Amino acid sequence: MLQRVSPIAFYVALALLFTWPLIKEPSSHIPGTGSDAYVHLWTFDWAGQATARGDFSLHTNRLFYPGGVLMLNHNVAWFNIAVWMLLKPFFGPIAAYTLTVLLLLAFNGYGIHLLVRDIAGSEDAAYLAGVIGTTWPFITTHLQHPNLIVIGFIPLAIRHIRRLILEGRGSDEILSGLYVRLI
């Protein structure tokens, strides 16, 4: 039965269901507990404003004004910020942050799904592995750290390294390098 359902739609629906009622009011709360979630939201906003200004110096005077500080040692989750920046114009900053976190959970499941499908040759095993990847407690209990919940690039890198070894395609060399870099 699951073979008829798009894996991406399945893992998005699973992430929404697993984190319910978060999606009910995505602009009223942000995922996670503690202040780290707000620090990441601030970092997303800082990166969005710096990008809009064309300022890629990684310096901000929004901290320690007027001298500012370099953001080199700050935990900047660039992939997550890129997703957030795509969603922000349509949903606003807080809802975009919430949706980004939920999409990252679905992305994890889909990445694991692809790897297991290649290795096991079973769509059922791939869906089960993806369910585990989407709802893994270590990940879902750290939603306040969007930089730590993105594990989807690991199975994608393994998948393409495996394909590179077995099939020797140049596209797998490029993709495995890209995914390793994104890890």
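Of the 183 residues in the protein chain, 41% are buried. The model is a predicted one. About 10,100 Å² of the chain is accessible surface, and carbon and sulfur atoms account for 66% of that area.

The protein chain holds eight helices and two strands. Read from the N terminus, the order of these elements is α-α-β-β-α-α-α-α-α-α. The two strands thus follow two helices and precede a run of six. The C-alpha trace spans about 60 × 40 × 30 Å along its principal axes. Where contacts join residues at least 6 apart in sequence, 65% of them link residues at least 24 apart.

The chain carries 11 positive and 10 negative charges, and the mean positions of the two sets lie 3 Å apart.

Some values for the whole protein chain are collected here.

| Property | Value |
|---|---|
| Buried residues | 41% of 183 residues |
| Accessible surface | about 10,100 Å² |
| Surface from carbon and sulfur atoms | 66% |
| Contacts joining residues at least 24 apart, among those at least 6 apart | 65% |
| Distance between mean positions of positive and negative charges | 3 Å |

The largest pocket has a volume of about 390 Å³. Its lining comprises 15 residues, and those closest to the centre are Ala77, Trp78, Phe79, Leu182 and Ile183. Three elements each give two or more residues to this lining: helix H3 (78-91), helix H7 (153-167) and helix H8 (170-182). Helix H3 contributes the most, with three residues.

Terms used: Residues numbered from 1 in each chain as written. Predicted model: local features only at pLDDT ≥ 70, side-chain atom pairs only at ≥ 80, totals over all residues. Heavy atoms only, no water. Helix = DSSP H or I, 4+ residues; strand = E, 2+ residues; numbered from the N terminus. Buried < 20%, exposed > 50% of the residue type's maximum accessible area, 1.4 Å probe, protein only. Contact = heavy atoms within 4.5 Å. Areas by Shrake-Rupley, 256 points an atom, 1.4 Å probe, with all protein chains shown as cover. Lys, Arg positive; Asp, Glu negative; His and termini not counted. Charge placed at Lys NZ, Arg CZ, Asp CG, Glu CD. 1 Å grid on protein atoms, 1.4 Å probe; cavity = no way out; pocket = protein on both sides within 12 Å on 5 of 7 lines; lining within 4 Å. Points joined across faces, edges and corners; volume = space filled by probe spheres on them.
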